[in-house]
Amino acid sequence: MAVTLDRDEARRIAVRAQRLDAGRPDGIVPLAESLTFLQLDPTAAIAPSADLIAYTRLGPAYRPETLVEALETDRLLYEVKAMDDPVTPPFAMVRPMSDLGLHLDRMSRWPERLSGAHAWLEANDAFRRDVLALLRDRGPTLSKDIPDTAAVPWESTGWTHNQNVTRLLELLQGRGEVAVAGRIGRQRAWDLGERVYPAGIAVVPEAEAARLRDERRLRSLGIARRALVGEAGEPATVEGSALEWRVDPAAVGLPFTGRTALLSPFDRLVHDRVRTNDLFGFEYLLEMYKPAAKRRWGYFALPILHGDRLIGKLDAAADRKSGVLHVTAIHEDGPLSPETRDAVRTEIDALAAWLTLTPEYPSPRGT
């Protein structure tokens, strides 16, 4: 029998599962384990995406160097460019090392479902052996320092066309043969997977691993469309929704205390735009790829969460040279109470303080 939820409960399940309620996780590794991953993105109009996502959950005590330490020193997290379900298009992410065993069996056969990539790897086996031998000899190496000995160039209609070294490394990463050992600036330093991933990790057979990944994904979302989590959890109906839902039964009926948060555009609370619109009645689109004149909310507008509702977008940018967080606009989806406006402003001031910037708000009209 399906679990029946009203919209308030469905929203609170989603917010609580994403660790955006009043209770905060205890550190970057437990956070990554709870969310299953942190998305990486080079855009830093406010802060790099993974750092902004972490700050939004952990609060002002979070420091970006703790993420680097967990990745490069403690090896409790690892970086990967996900090219697996249900990720489209592929993007870079940080995953907990404790989940690696859920991916290793599938990785060992990568990219069996991509016939073009599989054929390209076979045609460039000598290239593959050259790269592995170089990494074994040198250790962590930037892709620009790896010679391109491809016999057959990578063909694409996109930016990866003829990017043979990068494409090979990412495919070999998908197979676990190489891994990101760290970063120098924004550039990935590559090494052999056996030197980055801990030895002795138990490999979960793919049939079981796929089920466990779906369960982990649903637990991190609380409630999700069935298309994204398969048969995980329990079927659910949401008041006024025609969509087919699955819910984590352990998340139903728990107490909820909300707070105000400024979300990354890549935040998983808003990433599934269908869910976001259906449960929260919130319209959102990342507009940094649009011409400035066609933007409604701003280049890198941050969705604003207040309690269990998404109430608007913050158009702001960090100017590190001048030491200012420029607030261009706070777009309210509907009229906000003075108390809610104060809560949003307090959160903006806290974000600026964490960035060690001074917030600068637009002048009131008529001044």
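Guide: Two strands count as a pair if DSSP finds at least two bridges between them. In this predicted model, β9 and strand β10 (residues 245–247) pass that test with three bridges, in the antiparallel sense.

Visitor: Which residue is the bridge partner of P235 in β10?

Guide: P235 has R246 as its bridge partner there. The hairpin of β9 and β10 leaves six residues between the strands, and in it G240 takes a positive phi near 80°.

Visitor: What makes strand β1 (residues 3–5) and strand β9 (residues 234–238) a pair?

Guide: At least two bridges are needed, and three join β1 to β9, so they count as paired. These two strands run parallel, and T4 stands opposite T237 in β9.

Visitor: Why is the pairing called mixed in the sheet β1-β9-β10-β8?

Guide: Look at the two pairs we have just visited. β1 and β9 run parallel, while β9 and β10 are antiparallel. Both senses occur in this open sheet of four strands, and its pairing is mixed.

Visitor: What makes β1 and β8 (223–225) edge strands?

Guide: Each has a single partner strand, so one side of each is left without a neighbour in the sheet. Neighbouring strands here are turned by 40° against each other on average, if direction is ignored. Helix α1 (residues 7–17) lies across β1, β8, β9 and β10, and runs at about 100° to β1.

Visitor: How do you know which strands stand at the edges of the sheet β2-β4-β3?

Guide: This open sheet has three strands with antiparallel pairing. β2 (38–39) and β3 (77–82) each have a single partner strand, so one side of each lacks a neighbour in the sheet, and they stand at the edges.

Visitor: What makes β3 and strand β4 (residues 91–96) a pair?

Guide: Six bridges join them, and they run antiparallel. The rule asks for at least two bridges, so β3 and β4 count as paired. You can find one of the bridges at Y78, whose partner in β4 is R95.

Visitor: Now the helices. Why are α2 and α3 called roughly perpendicular?

Guide: Helix α2 (residues 28–35) and helix α3 (residues 49–58) pack at an angle of about 100°, with their axes 11 Å apart. Angles of 65 to 115 degrees count as roughly perpendicular, and α2 and α3 therefore earn that label.

Visitor: Which residues of α2 and α3 meet?

Guide: From α2 come I28, L31 and L35, and from α3 come I53, A54, R57 and L58. By class, these are six nonpolar, no polar and one charged. Arg counts as charged, so the charged residue is R57.

Visitor: Why do α6 and α8 get the term roughly perpendicular?

Guide: Helix α6 (residues 115–123) and helix α8 (residues 164–174) pack at about 110°, with axes 11 Å apart. That angle falls in the range from 65 to 115 degrees, so they are roughly perpendicular to each other. In α6 the contact uses A117, W120 and L121, and in α8 it uses N164, R167, L168, L171 and L172. Six of these residues are nonpolar, one is polar and one is charged.

Visitor: How do you know that the second largest cavity belongs in the count of cavities?

Guide: The count takes cavities of 30 Å³ or more and comes to two. The second largest has a volume of about 40 Å³, which meets that cut-off. Its lining is Q18, L35, F37, L38, Q39, I53, F266, D267 and R268, with five nonpolar, two polar and two charged residues. L35 and I53 also take part in the contact of α2 with α3.

Visitor: What makes up the lining of the second largest pocket?

Guide: This pocket holds about 260 Å³ of space, lined by V327, A329, I330, E332, L336, R341, V344, R345, Y361 and P362. β14 (324–332) and α14 (338–354) each supply at least two lining residues, and the largest share, four residues, comes from β14. Seven of the lining residues are nonpolar, none polar and three charged. Glu and Arg count as charged, so the charged ones are E332, R341 and R345.

How values were computed:
Residues are numbered from 1 along each chain as its sequence is written. This is a predicted model: local features need pLDDT of at least 70, side-chain atom pairs count only at pLDDT 80 or more; totals for chains, interfaces and linings use all residues. Side-chain values use heavy atoms; hydrogens and water are left out. Axes are lines fitted to C-alpha atoms, for helices over the stretch in contact, and angles run from 0 to 180 degrees between N-to-C directions. Angles under 35 degrees count as roughly parallel, over 145 as roughly antiparallel, 65 to 115 as roughly perpendicular and the rest as oblique. Contact means heavy atoms within 4.5 Å. On a 1 Å grid over the protein atoms alone, a cavity is a set of points where a 1.4 Å probe fits but cannot get out, and a pocket is an open set with protein on both sides within 12 Å along at least five of seven lines; lining residues have an atom within 4 Å of a point. Grid points are joined across faces, edges and corners, and a volume is the space filled by probe spheres set on the points.
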